Amino acid sequence: MMKVKKTEWRVVVYPVACKGMGDCDAEENCRAVLAAVQRHVDGVGSARIEYDIDCSCSYCGALWVADDEHYNGGCCDNDEAAEQQRRECEKGN
Ligand SMILES: [Zn+2]
């Protein structure tokens, strides 16, 4: 039988309206909230900014599903063309 113990208790704070902000605005917003937490909140051991990463094709916006960081399996014509060009360059070397 599995024994479950809850560990590393923490409070996660989501700033208002980070979704839909550009990267710079979202980062700046988070830094402001972090500074406010560190200034005003009692009982804080440490606080830090974290983020998730979404990878997508720079050409068509499709979810990146490949292990390869250059070729997304041909999700669109541009991805396929870039891969063809890369292969030809490798042959030339
Ligand atoms: Zn694509």
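Okay, before I show you anything, one cut-off: a residue is called exposed if 12 or fewer other C-beta atoms lie within 10 Å of its own, and buried if that count is 20 or more. Keep that in mind. Also, what you see here is a predicted model.

So, let's use the cut-off on E8. Is E8 buried or exposed? It has 4 C-beta neighbours inside 10 Å, so E8 counts as exposed. You'll find E8 in the segment before helix 1. There's a quirk here, too. Most residues other than glycine have a negative phi. E8 isn't a glycine, yet its phi is positive, at about 55 degrees.

Next up is T7, which also sits in the segment before helix 1, and that helix runs over 23-40. T7 has 4 C-beta neighbours inside 10 Å, so T7 counts as exposed. How far is T7 from V41? Along the chain they are 34 residues apart, and their C-alpha atoms are separated by 22 Å.

Now let's move to helix 2, residues 77-92. Here's a little check you can do yourselves. At 1.5 Å a residue, its 16 residues should span 22 Å, and the end C-alpha atoms are 23 Å apart, so the two agree. How many of the 16 residues in helix 2 are buried? Just one, so to speak: this helix is hardly covered.

Last, the overall layout. The domain assignment gives domain 1 as 12-52 and domain 2 as 53-93. Taken over C-alpha atoms, the centres of domain 1 and domain 2 are 34 Å apart.

That's my bit, thanks for listening!

Note on methods. Residues are numbered from 1 along each chain as its sequence is written. This is a predicted model: local features need pLDDT of at least 70, side-chain atom pairs count only at pLDDT 80 or more; totals for chains, interfaces and linings use all residues. Domain bounds come from an automatic or database domain assignment. Helices (H or I, at least four residues) and strands (E, at least two) are DSSP runs, numbered from the N terminus. The expected span of a helix is 1.5 Å times one less than its number of residues.
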